[in-house]
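Trainee: Could you take me through one part of this model closely? I would like to see how a single strand sits among its neighbours.

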Amino acid sequence: EWERVIHFDPLAALASSRRNNKWVTLSGQPYSADGSYLTAEQLLTNPAFISPESLYNLPSRDPNHFIAGQVNTNFDQWLHVLSNLGDFPLKDSITEWLRDGVDITKFFVHYSGKFKNVHYDSEWPPHYCQVNSPFCKPHSDFIASELFNGLQNGSLGLWGKVGECDPPHLVLPLVVEDSKEKKRLCQDARFLNLWIKDAPFTLENLKEIPFLVEKDDFICCMDEKSGYNHIALHNDSKTFLGIEFAGWYLVYNNLSFGVKLSGFVYQSVGMVITAYLRKHSIPMIQYIDDRFMTEYRGHCLQLLSKEQRILITIYCALEIMTRLGYTFAINKGSCYRALFLNSLQFLGFLVDSHQMQFSIPADKREKFKRLREDILCIDLVPVRMLQKFLGKCMSFALCVPGAKLYVREVTFCTFCG
C-alpha cells in the first residue's frame with residue numbers, strides 16, 4: 001500500500017509513447033535520411049571498400065529513444081538470415097518467437113509442492129497476487145521513473161486501474177537490485193518459475209577468446225541496449241507477468257528479468273546472429289547481450305590491413321544487427337569510442353592481445369583487497385561473506401594460476417555451513 005501515495009501517471013506516459021525510431025550515426029550525430037550505405041553482404045563482396053568514414057555513416061537506433069520489441073517487427077530480415085543457416089538449433093522455435101512473440105505457456109510443466117507455506121498441485125500457475133515489498137519504498141522514485149519509461153518505450157503495457165478491472169492472472173512483486181554500479185528493476189517471478197521447465201543452455205565466455213584472438217589483433221566489444229526488451233511476448237503470455245504499482249496494473253510486453261526462461265530465449269535468438277557472422281568469417285563471442293569480436297578472417301585477407309579487418313568486423317556486426325532490430329548502448333561498447341584497440345575490458349576482465357593475457361582491472365583488485373581486510377579484522381566471519389570471498393577468488397582463475405588451491409579451506413567452510 002505504500003506506493004499508493006506516489007505520483008505515477010501511466011496515462012501521461014502512454015500519451016508520450018515512442019512510435020517511430022530516431023536514427024543516429026556511430027558518433028551519436030543525427031543520421032541523414034538521404035545517406036546511402038552498403039549492406040554487410042555487399043561490403044563482403046569487396047571488403048577493400050571499408051573505411052572509417054563508411055563505418056561512421058552507418059545508421060543506428062538512438063539508444064536515448066529506445067523502442068522495445070524491434071526484433072519482432074523486423075521478422076522478414078530474420079527469415080533471410082535463418083534461411084542461410086541450414087539446420088540451426090531451435091530454428092523452428094526461434095522462428096515462432098520472432099513471428100508471434102514468446103509463448104510462456106509452452107514452457108509450463110506440472111508443479112506439486114509448497115510456496116510460502118501454501119501447497120500447489122496444478123499444470124498451470126493459479127491466480128496469484130502479491131503486493132510489493134516495503135523494502136522497495138526507498139526506491140519508489142526510481143521505480144516510478146522506470147515504469148514510466150517502460151510505458152513510453154513499449155516494454156510495459158497498461159492493464160487498468162486497481163478496483164476498476166480484473167487483475168492480470170499473476171501479479172508479481174517488484175524487486176530493486178541495488179549495486180554500486182547501477183540499480184536494476186526486476187520482477188520477483190519465483191512463483192511463476194515453479195511452473196516453468198528448466199531450459200539449460202551454454203554461455204560462451206572468456207575461455208573462448210584464446211581460440212579467436214591472435215597476437216596484436218585489434219579487438220572490440222558491443223553492448224545491446226536493454227537486452228531482454230528487444231524480444232516480445234506472445235499476447236496470451238502477458239497476463240502471467242503482471243505488476244501493481246501506485247493503484248495501477250501493468251504487464252510486461254517483453255522478456256522480463258526474473259523469469260528463468262528469459263536468458264535461454266535471448267541467448268538462443270542472439271546465437272542466430274553470432275552463427276551468421278561467423279559464417280561470414282567474423283570471429284565473435286556472445287554472452288547474453290555482450291559481444292566480443294576480433295579481426296575479419298575472410299577472403300582478400302592478404303590485401304587488407306589490420307585496421308581494415310577490424311573495421312569490416314564492426315561494420316558487418318552493426319549493419320546486420322541494426323537491420324534485425326537491435327539498439328546498441330553507443331556510450332558503452334568499445335567500438336563506439338575507439339576503433340583500433342589491443343586491450344579492453346570484457347565480462348569484468350582486461351583482455352590484451354599484445355600481451356596475450358587476461359588481467360584483473362584495478363578496481364576489482366581494490367575491492368578484493370578491501371573484502372580480504374574486512375575478513376581478517378573480525379573473529380567470526382559470516383558464511384555469506386566467505387561465499388562472496390570464494391566467488392571472487394574463483395572468478396580470478398583465468399588470471400591467477402591455481403586459484404582454486406588457495407581457497408580449499410574456505411571452500412570446505414562454506415560447504416559445511
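Mentor: Happily; here is a walk along one strand and its partners. Keep in mind that this is a predicted model. Our part is strand 12, residues 248-252. What surrounds strand 12? Here 5 of the 5 residues are buried, so the strand is largely enclosed by the rest of the structure. Buried means under 20% relative accessible area, which is the cut-off behind that count.

Now look at where the side chains go. In a regular strand, side chains alternate between the two faces of the sheet. You can follow that here: Trp248, Leu250 and Tyr252 point one way from strand 12, while Tyr249 and Val251 point the other way. Whichever way they point, all of these residues are buried.

Next come the partners. Strand 6, residues 156-161, runs antiparallel to strand 12, and 5 bridges join the two. To find this pairing on your screen, start at Trp248 in strand 12: Trp248 is the bridge partner of Lys161.

Strand 11, residues 242-245, also pairs with strand 12 in the antiparallel sense, over 4 bridges. Here a good place to look is Val251 of strand 12, which stands opposite Gly242.

How many residues lie between strand 11 and strand 12 in their hairpin? There are 2, and one residue in the turn, Ala246, has a positive phi of about 55°.

So, to trace it yourself, go along strand 11, pass through the turn with Ala246, and continue into strand 12, where Trp248 takes you across to Lys161.

Methods
Residues numbered from 1 in each chain as written. Predicted model: local features only at pLDDT ≥ 70, side-chain atom pairs only at ≥ 80, totals over all residues. Heavy atoms only, no water. Buried < 20%, exposed > 50% of the residue type's maximum accessible area, 1.4 Å probe, protein only. Pairing = 2+ DSSP bridges.
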